[in-house]
Amino acid sequence: MYKYRTRLNSSMLQNDKFRPLLTTSLNGLNRTVLFFQKKKTISVVFSRKRGVFPNPELFIVRSLIKVVKEFKFLGLIFDQSLRFHRNLKDLKIRSAKALNILKVLANTRWGADRTSLLRLYRALIRSKLDYGSVVYSSACKSLLKILDPVHHQGLRFCLGAFRTPPVESLYAEAYEPPLDLRWKYLCLNHFMKIQSMKTNTAYSYLFNFSLYDFNSHRSSLTYSQPFHFRIRDLIND
């Protein structure tokens, strides 16, 4: 079973000559290379402009492909505007449920010690926060901060700390960085991994600087920035 992904820009979807060609290509792939299930095939128009781009009419064997506003792919929820607010809320709920394990095991009478609790935190909770952070860390800072209480509460359970100490002391005691620094580290790690693999499909996009006009798009990227722009800022810093 395969998941086939394709990316189309707005000009392609608005072109009346291109849509029949795309439908023909999908039907050809369906007969030869891949098998598309009609019920599971969907389409999404990624755009932050409301009412500008109409929903594309794409067909697979005379069946209209459903247009949705968000979808879940590899555990990440991609919304139409790529702000990841739905994904961050879902991630907070799942991580908060995993905190109950630490809450039980952090009993002062028979619970685990600090080292064991930190290992559980990194395995059960931090791993959820790390997964997909290279993608969803492009969201605005106000949305990303909704995950900070989960991170702080987990460290308090592990250290047996009260709510009054500042979070900086938790970071120092647990040897854990803030989430924003952790995500920057993971982004740089992912960037270095792609840099060492020239056969990776993302290599040509990251290192082809002619595709990006940093000066003209800088003012329009105050809300969120693509991976290439974020890495460039981190390296310059």
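# Exercises on a predicted protein chain

E70 sits in strand β5, in a model that is predicted. The exercises below start from this residue and then move through the chain.

**Exercise 1. Describe the surroundings of E70: is E70 buried, partly exposed or exposed, and which residues does E70 touch beyond its sequence neighbours?**

Solution. Begin with the accessibility, where the limits are under 20% for buried and over 50% for exposed. The relative accessible area of E70 is 32%, so E70 is partly exposed. Next come the contacts: once residues up to four places away in sequence are set aside, E70 touches I77, F78, D79 and R86. Finally, compare positions along the chain with positions in space: E70 and Q80 are 10 residues apart along the chain, and their C-alpha atoms are separated by 5.7 Å.

**Exercise 2. Place V68 in the chain, and work out whether V68 is buried or exposed.**

Solution. The first step is to locate V68, which belongs to the loop between β4 (66-67) and β5 (70-73). The second step is to read its relative accessible area, which is 17%, and because buried means under 20%, V68 counts as buried. The third step is to list its partners: with neighbours within four places in sequence left aside, V68 is in contact with I42, S43 and V44. Q80 enters here as well, since its C-alpha atom is separated by 8.2 Å from that of V68, with their positions 12 residues apart along the chain.

**Exercise 3. Examine the loop between β6 and α3 at L82 and F84: what is the phi of L82, and what is the phi of F84?**

Solution. Take L82 to begin with, whose phi is near 55°, a positive value in a residue other than glycine. F84 is not a glycine either, and its phi is positive at about 60°. Now turn to accessibility: L82 has a relative accessible area of 31% and is therefore partly exposed, whereas F84, with a relative accessible area of 3%, is buried.

**Exercise 4. Determine how helices α3 and α7 are oriented with respect to each other, and which residues bring them into contact.**

Solution. Start with the geometry: α3 (residues 85-105) and α7 (residues 148-159) pack at an angle of about 5°, and their axes are 10 Å apart. Angles under 35 degrees count as roughly parallel, and the two helices α3 and α7 are therefore roughly parallel to each other. Then name the residues on either side: α3 contributes K92, S95, A96, L99, L102 and K103, which meet V150, Q153, G154, F157 and C158 of α7. Sorted by class, this contact holds six nonpolar, three polar and two charged residues.

**Exercise 5. Identify which residues touch the most other members of the largest nonpolar core, and which elements give two or more residues to that core.**

Solution. The largest nonpolar core has 30 residues, and Y136 and L147 are the ones that touch the most other members. Two or more residues come from each of β6 (76-79), α3, α4 (114-130), α6 (141-144), α7, α8 and α9. Apart from this core lies another one of six residues, including F191, I194, F227 and I231. To see the surroundings of L147, leave out residues up to four places away in sequence: L147 then touches L88, L91, K92, L129, Y136, L179 and W183.

**Exercise 6. Locate E176, and decide whether E176 is buried or exposed.**

Solution. E176 is placed in the loop between α8 (167-174) and α9 (179-195). Its relative accessibility is 4%, so E176 counts as buried. Without its neighbours within four places in sequence, the contacts of E176 are with R122, R126, H151, L155 and Y171.

**Exercise 7. Describe the chain as a whole: how many helices and strands are there, and what share of the residues is buried?**

Solution. The secondary structure comprises 12 helices and six strands. Of the 237 residues in the protein chain, 33% are buried. The accessible surface amounts to about 16000 Å², and 56% of it belongs to carbon and sulfur atoms. As a last step, consider contacts between residues at least 6 apart in sequence, of which 61% join residues at least 24 apart.

Note on methods. Residues numbered from 1 in each chain as written. Predicted model: local features only at pLDDT ≥ 70, side-chain atom pairs only at ≥ 80, totals over all residues. Heavy atoms only, no water. Axes fitted to C-alpha atoms, helices over the stretch in contact; angles between N-to-C directions. Helix = DSSP H or I, 4+ residues; strand = E, 2+ residues; numbered from the N terminus. Parallel < 35°, antiparallel > 145°, perpendicular 65-115°, else oblique. Contact = heavy atoms within 4.5 Å. Nonpolar A, V, L, I, M, F, W, Y, C, P; charged D, E, K, R; others polar. Buried < 20%, exposed > 50% of the residue type's maximum accessible area, 1.4 Å probe, protein only. Areas by Shrake-Rupley, 256 points an atom, 1.4 Å probe, with all protein chains shown as cover. Core = buried A, V, L, I, M, F, W, Y, C linked by side-chain atoms within 4.5 Å.
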